[in-house]
Amino acid sequence: MKINAKILAPLALVAAYGLGTVAPHAQTTPQKVGFVDVSKLLSAHPGDKEIQAIQKKADDELTALDKQVKAIDAKGAGATAAEKQTREQLVATIKSKADAYDKQLAPKISVVEKAVDTAINTVAKSNGFSIVMDRDVASKSGLVIYADPTSELTDAVAKAVK
C-alpha cells in the first residue's frame, strides 16, 4: 500500500500543532484565585464612619431641598413666576451643595480605597494568591459559579485594614 503525500501532510500538521499546544500547558503552575467582599472591607475601615456621617448629612440636607423643588413641580403650569424662580434657586443650591459634599468626600474615600487595595495586595501575596476578585462582581456577572470556601480572603484582609 502506497501512502499518499496528500494524506500525510495534513496529518503531520495536526500532530505538530497538537504536540505544540500540549507541552506548554504541562509546564504551567496552577494559580490560586481568591475572593473578597469589597463593600464589607470598605465599611471595615475606620475612616468609613466619617464618610457615612458626611453622606448622611448630605442626604438629609439635599432631600429637604429636593422636597421643596418637587412641591413646586407638582403645581405644574399653575406655579407662579416667583415659585419658578425659587425653584431655579433651589436647583442651583442643590447642585452647589452636592458638589461641595463631593469635594469633601473624595479625598476621604480615596484614602479608604487605597488602604483596602494595599491590604488586599498584602494578604494575597503573603498567602500565594495570584488573582483576587470581588465576590459580588464575580457572582453577579456569572463569571464564577462555585468557589472553594478556602479561597475567601475577606476576614484576613479586614484584619489588615483595621
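pLDDT is the predictor's confidence in each residue, from 0 to 100. This is a predicted model, in which local features need pLDDT of at least 70 and side-chain atom pairs count only at pLDDT 80 or more, while totals for chains, interfaces and linings use all residues. Residues are numbered from 1 along each chain as its sequence is written, and side-chain values use heavy atoms, with hydrogens and water left out.

The mean pLDDT of the protein is 83, and 83% of its residues reach 70 or more. Over residues 1-16 the pLDDT stays under 50. For that stretch the model has one contact beyond four places in sequence, where contact means heavy atoms within 4.5 Å. Among the elements, helix H1 (residues 5-27) has the lowest mean pLDDT, 49, and helix H4 (residues 81-126) has the highest, 93. Where pLDDT is low, the predicted coordinates should not be read in detail.

The protein has six helices and two strands. These are DSSP runs numbered from the N terminus, with helices being H or I of at least four residues and strands being E of at least two. Along the sequence their order is α-β-α-α-α-β-α-α. Of the contacts between residues at least 6 apart in sequence, 80% join residues at least 24 apart.

The exposed surface of the protein is about 11600 Å², and carbon and sulfur atoms supply 61% of this area. Accessible areas come from the Shrake-Rupley method with a 1.4 Å probe, and for residues only the protein chains shown count as cover. Of the 162 residues, 21% count as buried. Buried means under 20% relative accessible area, exposed means over 50%, and partly exposed lies in between (1.4 Å probe, protein chains only).

Helix H6 (residues 154-161) has as its buried residues Thr-154, Val-157, Ala-158 and Val-161. Seen down the axis of H6, these residues fall within an arc of 105 degrees, so they line one face of the helix. The arc is that of the directions from the helix axis to the C-beta atoms. The cover over the buried residues of H6 includes strand S1 (32-36), helix H2 (38-44) and H4.

Ile-120 is located in H4. This residue counts as buried because its relative accessibility is 13%. Apart from neighbours within four places in sequence, Ile-120 contacts Val-36, Leu-41, Val-132 and Val-157. Val-132 is twelve residues from Ile-120 along the chain, and the C-alpha atoms of the two are separated by 8.0 Å.

Helix H3 (residues 48-75) contains Asp-73, and Ala-64 also lies in H3. Asp-73 has a relative accessible area of 38%, so it is partly exposed. The value for Ala-64 is 39%, which means that Ala-64 is partly exposed. Between the C-alpha atoms of Asp-73 and Arg-87 the separation is 8.2 Å, with their positions 14 residues apart along the chain. For Ala-64 and Ile-94, 30 residues apart along the chain, the C-alpha separation is 9.8 Å.

Rings remain to be described. Lys-32 lies over the face of Phe-129, at 4.4 Å from the ring centre. A charge sits over a ring if NZ of Lys or CZ of Arg is within 6 Å of the ring centre and within 35 degrees of the ring normal. A search of the whole structure for aromatic pairs finds zero. Rings of Phe, Tyr and Trp (its six-membered ring) pair if their centres lie within 6.5 Å, with planes under 30 degrees apart counted as stacked, over 60 as edge-to-face and the rest as tilted.
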